[in-house]
Amino acid sequence: MAICRFSPQSDVFVTLEENGVLECAACRLNNRGVFSTPIRAEMVTHLKKHLAAGHKVPSEAIEELAHAPKW
Ligand SMILES: [Zn+2]
């Protein structure tokens, strides 16, 4: 399931894998590698680092991670 995809409004591609792990694919903070964590709060922190680096992250993606029910 994609939380957000690359688009003119998004420099990140975040997915929720079937095993419950969140992945930031082709991560610009990680040399185009993958950042993964099973902890939603950690992914929120990660996305905020993208914002701090000047990357575009849809606010809906952060809200979804911050407010969605426990997976
Ligand atoms: Zn990332």
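**Why the terms fit this predicted model**

Modeller: In this predicted model, leucine 16 stands opposite leucine 22 in E3. Residue numbers start from 1 along each chain as its sequence is written. Local features need pLDDT of at least 70 and side-chain atom pairs count only at pLDDT 80 or more, whereas totals for chains, interfaces and linings use all residues.

Colleague: What makes E2 and E3 paired strands?

Modeller: A strand is a DSSP run of E with at least two residues, a helix is a run of H or I with at least four, and both are numbered from the N terminus. Two strands pair if DSSP finds at least two bridges between them; 4 bridges join E2 to strand E3, residues 22-27, and the two run antiparallel, so the criterion of at least two bridges is met. E2 and E3 form a hairpin with 5 residues between them, and glycine 20 in the turn has a positive phi of about 85°.

Colleague: How do you know that E1 and E2 pair?

Modeller: There are 2 bridges between E1 and strand E2, residues 13-16, which run antiparallel, and alanine 2 stands opposite threonine 15 in E2.

Colleague: Which bridges and residues connect E3 with E4?

Modeller: E3 is joined to E4 by 4 bridges, again in antiparallel fashion, with glutamate 23 opposite serine 36 in E4. In the hairpin of E3 and E4, which has 5 residues between the strands, asparagine 31 takes a positive phi near 55°.

Colleague: Why are E1 and E4 said to stand at the edges?

Modeller: The 4 strands form an open sheet in the order E1-E2-E3-E4, with antiparallel pairing. Strand E1 (2-4) and strand E4 (33-37) each have a single partner strand, so one side of each is left without a neighbour in the sheet.

Colleague: Why is glutamine 9 called partly exposed?

Modeller: Glutamine 9, found in the loop between E1 and E2, has 13 other C-beta atoms within 10 Å. With C-beta atoms placed from the backbone, a residue is buried at 20 or more such neighbours, exposed at 12 or fewer, and partly exposed in between, so glutamine 9 is partly exposed.

Colleague: Which residues does glutamine 9 touch?

Modeller: Not counting residues up to four places away in sequence, glutamine 9 touches Lys56 and Pro58, where contact requires C-beta atoms, placed from the backbone, to lie within 7 Å. The C-alpha atoms of glutamine 9 and lysine 56 are separated by 6.0 Å, although the two are 47 residues apart along the chain.

How values were computed:
Contact = placed C-beta atoms within 7 Å.
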